[in-house]
Amino acid sequence: MAAGLAVLAEVATSDDIPRIQTVGLLSNGFGPLAAHALDRLPGGVDALIWLAARVTARGRVHAVDALCRHVDDQPDARPWLLRRALDGDFLNSYFADTVARVTVLHEAVAESAVDAEVVDQTGRILHVMTYCEGMGTSLRRYPHAVALMEAHLRHLRRLGPTTERCFAVASVAHYLTLEAPLPTGDVPGIGEVPGIKERWDEARASYLDLIDRTEWCEVARRGLVDGDQRLTWVGAKVAGILRLRAFAET
């Protein structure tokens, strides 16, 4: 089947899109070839979005990577990437920074009317960038990290807490406590940004202030009671270091 799909990837026409999508659902084995085939076909971007929404692991890596190449020429690619690209798998580490870069995420999130889906995926991207060193660009190496976090915080204050947002806030605050930003002057193509360390520390303090608010504490506690594994991890690994009130009082 792999050999057949490899041939099809090079000679397929638009009429073959449905069968390529079906084979691509076997994501680990055939996802990369399916993504390559759809990437080169007229009408393939819609098919890639369909496939990317349904595959996991390495299949998703290749589908999302292909979509990232079409942000400038296909209008449907950027909205999907801004909201749906990450699914929580560890292999999201391979493309989280690419999604942030090609969608110009720090500018998208800075918009006042940005919707909750974009805000929540921003939290997922920030979380992935706390542990993706060696697979992708980590938060301390990302030149727009501080601007992205500042915009993220503004929307979190507006939207209020959910268990997912509590997890994102705690994991990012933990990372900001352990790491310092790489001087932006050391990043190719980026000039020195004055006060970057001070803004980094201010973002950390703002995340901690947010998760210690009463309504955020209540949501975090409910998540723990409900057995949310993300908040269980925060309670076991992060809460003591950060002295998070929600977890200290349970």
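The following exercises, with worked solutions, concern helix α13, the nonpolar core and the salt bridges of this structure.

The model is predicted, so local features need pLDDT of at least 70 and side-chain atom pairs count only at pLDDT 80 or more, whereas totals for chains, interfaces and linings use all residues. Residues are numbered from 1 along each chain as its sequence is written, and side-chain values use heavy atoms, with hydrogens and water left out.

**Exercise 1. Determine which residues of α13 are buried and how they are arranged around the helix.**

Step 1. Locate the helix: α13 covers residues 214-225 (helices are DSSP runs of H or I with at least four residues, numbered from the N terminus). Its 12 residues reach 17 Å from the first C-alpha to the last, close to the 16 Å expected at 1.5 Å a residue; the expected span is 1.5 Å times one less than the number of residues.

Step 2. List the buried residues (under 20% relative accessible area, with a 1.4 Å probe and protein chains only; over 50% is exposed, and in between is partly exposed). In α13 these are Trp216, Cys217, Val219, Ala220 and Gly223.

Step 3. View the helix down its axis: the buried residues of α13 fall within an arc of 165°, so they line one face. The arc is taken from the directions from the helix axis to the C-beta atoms.

Step 4. Identify the partners: these buried residues pack against α10, α11, α12, α14 and α15, where contact means heavy atoms within 4.5 Å.

**Exercise 2. Describe the largest nonpolar core and the contacts of Met149.**

Step 1. Apply the definition: a nonpolar core is a set of buried Ala, Val, Leu, Ile, Met, Phe, Trp, Tyr and Cys residues joined through side-chain atoms within 4.5 Å. The largest has 81 residues, and Met149 is among those with the most contacts inside it. Helix α11 gives the largest share of this core, 8 residues.

Step 2. Leaving aside residues up to four places away in sequence, Met149 touches Leu126, Leu139, Val172, Leu176, Trp200, Ala203 and Tyr207.

**Exercise 3. Explain which parts of the chain the salt bridge of Asp39 and Arg69 ties together.**

Step 1. Check the distance: a salt bridge requires a side-chain nitrogen of Lys or Arg within 4 Å of a carboxyl oxygen of Asp or Glu. The closest N and O atoms of Asp39 and Arg69 are 2.7 Å apart.

Step 2. Place the partners: Asp39 lies in α3 and Arg69 in the loop between α5 and α6, so the pair ties together parts 30 residues apart in sequence.

How values were computed
Helices (H or I, at least four residues) and strands (E, at least two) are DSSP runs, numbered from the N terminus.
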